[in-house]
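Student: Please give me one close look at how the inside of this model is packed. I would like the cut-offs stated along the way.

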Amino acid sequence: MYLAPEKKAEIFSKYGKSANDTGNTDAQIALFTYRINHLTEHLKNNRHDYNTERSLVKLVGKRRSLLDYKMKKDIVAYRELIKELGIRK
């Protein structure tokens with residue numbers, strides 16, 4: 001399993017308020033970014049895995065929606081987050 005509960009808790013504790021704070025926008029964006037990076041690496045080796053490709057596109061759309069929300073609420077925090085996660089935009 002690529003996403004162990006320990007890794008998930010680590011992401012939430014780093015970007016959220018605590019390890020149990022799964023609803024924080026920053027934590028969700030960080031989790032989506034981790035999953036997107038994993039699926040991208042998978043698709044580099046398995047080009048014809050169309051189900052994973054569709055999942056990746058949906059995940060990118062969800063992350064984009066959360067990033068748009070974050071940008072509307074707090075532009076400074078948005079810029080810090082995309083710089084820290086290494087997201088192009």
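Tutor: Contact here means heavy atoms within 4.5 Å. By that criterion, threonine 52 touches Leu39, His42 and Leu43, leaving aside residues up to four places away in sequence. The model is predicted, so to speak with its own thresholds: local features need pLDDT of at least 70 and side-chain atom pairs pLDDT 80 or more, while totals for chains, interfaces and linings use all residues. Residues are numbered from 1 along each chain as its sequence is written, and side-chain values use heavy atoms, with hydrogens and water left out.

The protein chain has 4 helices and 0 strands (DSSP runs numbered from the N terminus: H or I of at least four residues for helices, E of at least two for strands). Read from the N terminus, its elements run α-α-α-α. Along the principal axes, the C-alpha atoms fill a box of roughly 40 × 30 × 20 Å. Of the 89 residues in the chain, 35% are buried (under 20% relative accessible area; exposed is over 50% and partly exposed in between, with a 1.4 Å probe and protein chains only). Among contacts with a separation of 6 or more in the protein chain, 46% are between residues 24 or more positions apart.

Now the core itself. The largest nonpolar core (buried Ala, Val, Leu, Ile, Met, Phe, Trp, Tyr and Cys residues joined through side-chain atoms within 4.5 Å) has 21 residues, and Tyr15, Ile29, Leu67, Leu85 and Ile87 touch the most other members. Helices α1, α2, α3 (50–73) and α4 (75–85) each supply at least two residues of this core. Helix α2 gives the largest share, 8 residues. In soluble globular proteins, nonpolar side chains tend to be buried together.

Two of those core residues can be followed outward. Tyrosine 15 touches Asn24, Asp26, Ala27, Ala30, Leu81, Glu84 and Leu85, not counting residues up to four places away in sequence. Isoleucine 87 sits in the segment after α4. Its relative accessible area is 11%, so isoleucine 87 is buried. With residues up to four places away in sequence again left out, isoleucine 87 touches Ile29, Thr33, Arg63, Leu67 and Ile82. Aspartate 49, by comparison of positions, is 38 residues from isoleucine 87 in sequence and 24 Å from it in space, C-alpha to C-alpha.

Next, the helix pairs. Axes are lines fitted to C-alpha atoms, for helices over the stretch in contact, and angles between N-to-C directions run from 0 to 180 degrees. Angles under 35 degrees are roughly parallel, over 145 roughly antiparallel, 65 to 115 roughly perpendicular, and the rest oblique. Helix α1 (residues 5–15) packs against helix α2 (residues 25–45) at an angle of about 140 degrees, and their axes are 8 Å apart. That angle is why α1 counts as oblique to α2. The crossing of α1 past α2 is right-handed (the near helix is turned clockwise from the far one by less than a right angle; anticlockwise would be left-handed). On the α1 side the contact is made by Lys7, Lys8, Ile11, Phe12 and Tyr15, and on the α2 side by Asp26, Ala27, Ala30, Leu31 and Tyr34. Sorted by class, this contact has 7 nonpolar, no polar and 3 charged residues (Ala, Val, Leu, Ile, Met, Phe, Trp, Tyr, Cys and Pro are nonpolar, Asp, Glu, Lys and Arg charged, and the others, Gly among them, polar). Lysine 7, in helix α1, is partly exposed, with a relative accessible area of 26%. The C-alpha atoms of lysine 7 and tyrosine 34 are separated by 9.9 Å, with their positions 27 residues apart along the chain.

Helices α3 and α4 pack at an angle of about 140 degrees, with axes 6 Å apart. They are therefore oblique to each other. Arg64, Leu67, Lys70, Met71 and Lys73 of α3 meet Ile75, Ala77, Tyr78 and Ile82 of α4. The residues of this contact divide into 6 nonpolar, no polar and 3 charged.

Finally, three positions in α3 show its range of burial. Threonine 52 lies in this helix and is buried, at a relative accessible area of 13%. Valine 57, also placed in helix α3, is exposed, at 56%. Glycine 61 is found in helix α3 and is partly exposed, at 34%. Valine 57 and aspartate 68 are 11 residues apart in sequence and 16 Å apart in space, C-alpha to C-alpha.
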